[in-house]
Amino acid sequence: MKKYRQVTVLFTIVGLMACNLANKQSKNPSQDKFASFPAYFNQQHDQLRKGDFILSKVVTLNSQKDTATIYGRDSAAIHDLLKPFMEIDLNKPSLREEYDTSSLYDPFSGRKSVIYKSRGKQTSPSEITMELDRQGNIQQVSVHSYTSNLVYEFRQDLFYQQNRQVRMTTYQKIAFLSPKELEVNVTIAPKTGM
């Protein structure tokens with residue numbers, strides 16, 4: 001009887017080791033289903049910082065304008081500007097099956113548009129459109145988000161054009177309060193001129 005317990009324990013240990021080995025092999029990093037926006041925008045952050053760019057920023061909050069100039073070496077300001085884009089990660093396990101992908105190809109220019117569209121009503125963002133050049137590099141990204149319920153409405157449109165422009169438009173309405181509209185337009189230019 002004691003011999004059978006030892007054999008059972010031995011087979012159980014071997015079986016568990018085999019399961020763990022199989023799990024480790026299946027967890028090897030696989031190809032992401034969607035483009036990695038955090039990686040792309042971290043790369044753009046570094047490029048803007050090192051590229052010696054000047055960013056002209058116009059902020060409009062409920063019809064009141066303010067302007068500012070940001071120099072490319074200001075890492076915190078560049079990070080804050082690109083943060084809404086960096087936070088988009090469609091490869092998170094909770095979002096992997098929440099988006100459909102479609103694409104349009106222009107055979108004349110070689111450019112390609114890739115569209116990620118949410119399958120659910122309240123998934124944020126609801127749609128992302130990327131424009132890729134002939135080599136498959138991202139040239140511009142448009143993001144649309146929309147959330148609504150009985151007491152809250154939120155719309156946001158983000159637009160990034162590589163080394164040229166960033167635009168963000170946000171509308172927020174909370175029940176019994178006046179709506180807030182925020183628009184940020186940033187023009188990116190090399191320090192030596194366009």
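**Exercise 1.** Which residues does H45 touch, not counting residues up to four places away in sequence?

*Solution.* The model is predicted: local features need pLDDT of at least 70, side-chain atom pairs count only at pLDDT 80 or more, and totals for chains, interfaces and linings use all residues. Residues are numbered from 1 along each chain as its sequence is written, and side-chain values use heavy atoms, with hydrogens and water left out.

Step 1. Locate the residue: H45 belongs to helix α2. Helices (H or I, at least four residues) and strands (E, at least two) are DSSP runs, numbered from the N terminus.

Step 2. List the partners, where contact means heavy atoms within 4.5 Å. H45 touches S75, I78, H79, L82 and M86.

Step 3. Classify the residue. H45 counts as buried because its relative accessibility is 8%; buried means under 20% relative accessible area, exposed over 50%, and partly exposed in between (1.4 Å probe, protein chains only).

**Exercise 2.** Determine the strand order of the open sheet and state which strands stand at its edges.

*Solution.* Step 1. The open sheet is formed by nine strands in the order β2-β1-β9-β8-β7-β6-β5-β4-β3, with antiparallel pairing. Two strands pair if DSSP finds at least two bridges between them.

Step 2. β2 (64-71) and β3 (99-105) stand at the edges; each has a single partner strand, so one side of each is left without a neighbour in the sheet.

Step 3. From one strand to the next, the twist averages 10°. Axes are lines fitted to C-alpha atoms, for helices over the stretch in contact, and angles run from 0 to 180 degrees between N-to-C directions.

Step 4. As one pair in detail, β8 (residues 165-174) and β9 (residues 180-190) run antiparallel and are joined by eight bridges. R167 has N185 in β9 opposite.

**Exercise 3.** Describe how helix α2 is placed on the strands, and identify the residues that touch the most other members of the largest nonpolar core.

*Solution.* Step 1. Helix α2 (residues 37-50) lies across β1 (53-61), β4 (112-118), β5 (127-132), β6 (138-148), β7 (152-161) and β9, at about 55° to β7.

Step 2. A nonpolar core is a set of buried Ala, Val, Leu, Ile, Met, Phe, Trp, Tyr and Cys residues joined through side-chain atoms within 4.5 Å. The largest has 33 residues, of which F37, F41, L90, Y116, I128 and M130 touch the most other members.

Step 3. Helix α3 (residues 75-86) supplies the largest share of this core, six residues.
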